[in-house]
Amino acid sequence: MKLKKYLASSGMVMATMALSANIAFAACATDSLPASVEGPGGYPERALTMIVPYGPAGGSGQVAQAMAEAVSEHTGVSINRDHKPGGSGTVGMTAFMATPADGYTVLEHIDDASSAHALDSSRPNPAEDLIPLVTSQITFSQIYIRTEEDRFTDWPTFVEWVKAQGGKATIANVSKEGSMERVMMRFITDATGMEIQQISFDKGAPRYGALAGGQVDALFEQPGDVRSFLDAGTFKPILTMLKESPEAFADVPSLTDAGLDFDPLLRFRGFYVHKDAPADRVEWLQWAFQKAYCEPSYQKYNESKYMTLIESYRDTAGSQELITNTIGQYREVYKQMGLEVK
Amino acid sequence: METFNNFLGGTITLFSDPLGIVIFFGGVIGGMLFGAIPGVSMLTLAAILLPFTAHLSPEHGIMLFSVIYCTGVYGGAITAILFNIPGAPENAPTAFDGYPMTKNGQAGRAVGAAVMCSALGGTISAVIMMIATAPIANWAISAFGPPEIFALVFFGLAVASSVGAKTFWKGWLSILIGLLIAVVGLDPVGGIKRWDFGMPYLLAGIHFIPTILGFFAVTEIFVQAENKVRGSYQAPKLSVDFPSLAELVAHKVAVVRSIVIGFFCGILPGIGATLAAFMGYNEAVRWSKDKSEFGKGKLEGVISSETANNAATGAAMIPLLALGLPGGALTAMMVGVFQMHDMEPGPLVFLNSADLVWVVFAAMFFANLSILFVGYMETKTIINLLRIPFQFLAPMILCLATVGAYAVRGLAIDVIVMFVAGAIGFFLRRSGYSVAGIVLGLILGRIGEQTFAQAMQMLHFEWSGFAGRPIAAGLLIAGVLTLAGSIYGAFFKKQ
């Protein structure tokens, strides 16, 4: 096994190892799990339902599909995906909480559930009110510019140019206040002293189109979501929001390289079940979902989305630790931002 | 010449492969069927088929989705015209005049016009797509940002007061009700909760599909039930007479205008066929000498809507293939099909997979043409559903609409919204308000608010910034002039 790089950081989400995709393939995190496990008392007798709080075409919809197929491949159990988009994941979460805790309904959700709980503790805590089955995607963010851009070409010239615009420069970002993306931009602007207007785009395509068409000057995004633009040479990253850049982006400055001293927040996606579900069924689901992570089809999917640049896998305990630390970090940040933390 | 040779090559590849032919016709028929069932749209079919495309070749997978897209957009027109149930939001404007035509005994003319114009709009759009995908895509994203799209929506809304209401003021009030419904849920900038009354489900907003089903299908059932009780019910007269070619030629200006509008809306990322249909219909109203005829069974209304929404299909493939930017949900799923085969749509597709691109182009061209033939045969049979007596047909439509409303997101609140909209629509129609205006306000309002917020952020919250963007400024001025003319007309007529 060839270990490529360690990413060391004081931040909780940065305690991750960077492994290359082929290594993840060769020695997957769940290889020690048994190849097959009998469901308790004939469970599951019917197909499972997976509630996805986002549409089928986005990142969550795609990872839900990839995971559902991987689980079905190695267990033979079908999973019906039920998309309930809206309210930044609130609708799906509410619908899930209203389903019976019988182990037949699972939930896909992203770090937004953690940040929502951090801001309002009456919202479900994914680490305590739910049982994480597996976290299967963890990724980082970058700032992109157009490759053909000539006003600036890299991070230092970009910062210099933005400062010269007196607040007129623009960056395409998501819209929700308190989201990971907005918080990270706040960190960056505070650390650099640059003033940049964030343009709110809910959907990916108009956001990417805005940069490609020159409507905005830069874009905040995760690399997997803009991989086609990177492969085509349309966009280029100028800042990687990790303490140390992974090998695939070795020539892109990291936070440390750019002199930015803050712990980055990461995007993560995982799968959950009710905390009151029967324990033996939960155990079976943990095995099924954790084992599915290592299915070749799922690994191939993760690789295509740049989800193997840093370790994406967390089992139940690892997920709980990740979520709990993330909630703590968001709470600190929200207080610093002056947001009302309930 | 090179384009033609490529097209010929794509056509030969498509039809020399038996599996390809089966997938092509399966997509044509499947798209039409799923498009015709409200709520259970072509997106449902696409979502079901998505995992299976992994087992198909990339050519077959992408081709299947593009064919479903073309025929699915058309499919919803049939139920919109015959039963006032738009199969999809992009067919809603078709019902504005299509259903009154059915009530007037002109169902055949309306369906025939939808078939011919969908085929025409889609085919021409496919041809333009083949000729100039890359330059058009680059122009569209450079020239049209949020300020321009907002101005386009404003321009569209400015004429909408003329649609279906008894007076100008009732028309505008209808649109404002639609705009008000559009603000329910999280705001598009800061994610602030609005009008949710503490109900998490309302945070997702009022979805326009149950609203459309309520205002159109349920309201119509209530109105007809009332007529039945009062003894004034008249069954729609059955007619299978298609419009003559001369009739369509007489509407050539409307067809060309709608192709331009539909194509234009289709190439804008995130906009697509729904706005295309509404804008196509609105412009038909704007340029009509007698605006009052619209909403009462005017053939031009059906022609404009159906030409525009299918013209958007070919156009929507342009940003997808040239830039990797999906214009809507179905094209976003196509990205998934590409990715399943280790490919990404975008400029490299033309370099690395030119054969695939031309098979898809050829398939879209022939899918639109096939609407003409399959649609003709389908229409001659499906129109006989009008023979079913009202007491049997009404519960069937209500069941279908209920399933459709629930199927959108699997939320019971959508069914409640549908019936509430149906009841409100029943009373609004009696008092001369326009349910079409409400739906228009709802759909355009959501796009308009989002792009307005983005535009103001881009322009640093200075209104004068619009003046520095000629296209946006031109559209805003045209919208203001239209509005002023309407207000002047409303006062002038009163006096």
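**Exercise 1. Two helices side by side in chain B**

Task: Find the handedness of the crossing of helix 4 of chain B and helix 13 of chain B, and then work out how the two helices are oriented.

Solution, step by step:
- The crossing of helix 4 and helix 13 of chain B is right-handed. Keep in mind that this is a predicted model.
- Next, take the angle: helix 4 (residues 58-83) of chain B packs against helix 13 of chain B at about 165°, and their axes are 10 Å apart.
- Angles over 145 degrees count as roughly antiparallel. Helix 4 and helix 13 of chain B are therefore roughly antiparallel to each other.
- Now look at who meets whom. Helix 4 of chain B brings B:Ser66, B:Tyr69, B:Cys70, B:Val73, B:Tyr74 and B:Ala77, and these meet B:Glu306, B:Asn309, B:Asn310, B:Thr313 and B:Met317 of helix 13 of chain B.
- Sorted by class, the residues of this contact are six nonpolar, four polar and one charged.

**Exercise 2. A second helix pair in chain B**

Task: Decide how helix 1 of chain B and helix 16 of chain B are oriented to each other: parallel, antiparallel or perpendicular.

Solution, step by step:
- Start with the axes: those of helix 1 (residues 2-15) and helix 16 (residues 354-382) of chain B come within 8 Å and cross at roughly 80°.
- Angles of 65 to 115 degrees count as roughly perpendicular. Helix 1 and helix 16 of chain B are therefore roughly perpendicular to each other.
- On the side of helix 1 of chain B, the residues in the contact are B:Asn6, B:Phe7, B:Gly9, B:Gly10, B:Thr11, B:Thr13 and B:Leu14; they meet B:Asp355, B:Trp358, B:Val359, B:Phe361, B:Ala362 and B:Ala363 of helix 16 of chain B.
- This contact has seven nonpolar, five polar and one charged residues.

**Exercise 3. The two domains of chain A**

Task: Describe how chain A is divided into domains and what the side of domain 1 that touches domain 2 is made of.

Solution, step by step:
- Chain A splits into domain 1 (10-139 + 266-337) and domain 2 (143-249).
- The centres of the two domains of chain A, taken over C-alpha atoms, are separated by 28 Å.
- In the contact, 19 residues of domain 1 of chain A face 15 residues of domain 2 of chain A.
- Helix 4 (112-119) and helix 11 (316-337) of chain A each supply at least two residues on the domain 1 side.
- That side of domain 1 of chain A has 10 nonpolar, five polar and four charged residues.

**Exercise 4. Two sheets in chain A**

Task: Give the strand order of each five-stranded open sheet of chain A, and explain why one side of each edge strand has no neighbour.

Solution, step by step:
- One sheet of chain A has the order 9-8-10-7-11, with mixed pairing. Strand 9 (197-200) and strand 11 (235-240) of chain A are at its edges; each has a single partner strand, so one side of each is without a neighbour in the sheet.
- In this sheet, neighbouring strands are turned by 30° against each other on average, direction ignored.
- Strand 8 (residues 170-173) and strand 9 of chain A run parallel and are joined by four bridges. Here A:Thr170 stands opposite A:Gln197 of strand 9.
- Helix 6 (residues 180-192) of chain A lies across strands 8, 9 and 10 (218-221) of chain A, at about 150° to strand 8.
- The other sheet of chain A has the order 4-3-5-12-6, again with mixed pairing. Strand 4 (79-83) and strand 6 (130-139) of chain A are the edges, each with a single partner strand, so one side of each lacks a neighbour in the sheet.
- The twist in this sheet averages 20° from one strand to the next.
- Strand 3 and strand 4 of chain A pair in the parallel sense over five bridges, and A:Val52 has A:His83 in strand 4 as its bridge partner.
- Helix 11 of chain A packs on this sheet, touching strand 6 and strand 12 (267-274), and its direction makes about 75° with that of strand 6 of chain A.

**Exercise 5. Where the chains meet**

Task: Count the residues in the contact of chains A and B, and name the helix of chain B that gives the most to its side.

Solution, step by step:
- Chain B gives 43 residues and chain A gives 41 residues.
- Helix 14 of chain B gives the most to the chain B side, with five residues.
- By class, that side of chain B has 24 nonpolar, 16 polar and three charged residues.

Conventions: Residues numbered from 1 in each chain as written. Chains lettered and ligands numbered in written order. Predicted model: local features only at pLDDT ≥ 70, side-chain atom pairs only at ≥ 80, totals over all residues. Contact = placed C-beta atoms within 7 Å. Nonpolar A, V, L, I, M, F, W, Y, C, P; charged D, E, K, R; others polar. Pairing = 2+ DSSP bridges. Axes fitted to C-alpha atoms, helices over the stretch in contact; angles between N-to-C directions. Domains from an automatic or database assignment. Parallel < 35°, antiparallel > 145°, perpendicular 65-115°, else oblique. Left-handed = near helix turned anticlockwise from the far one by under 90°.
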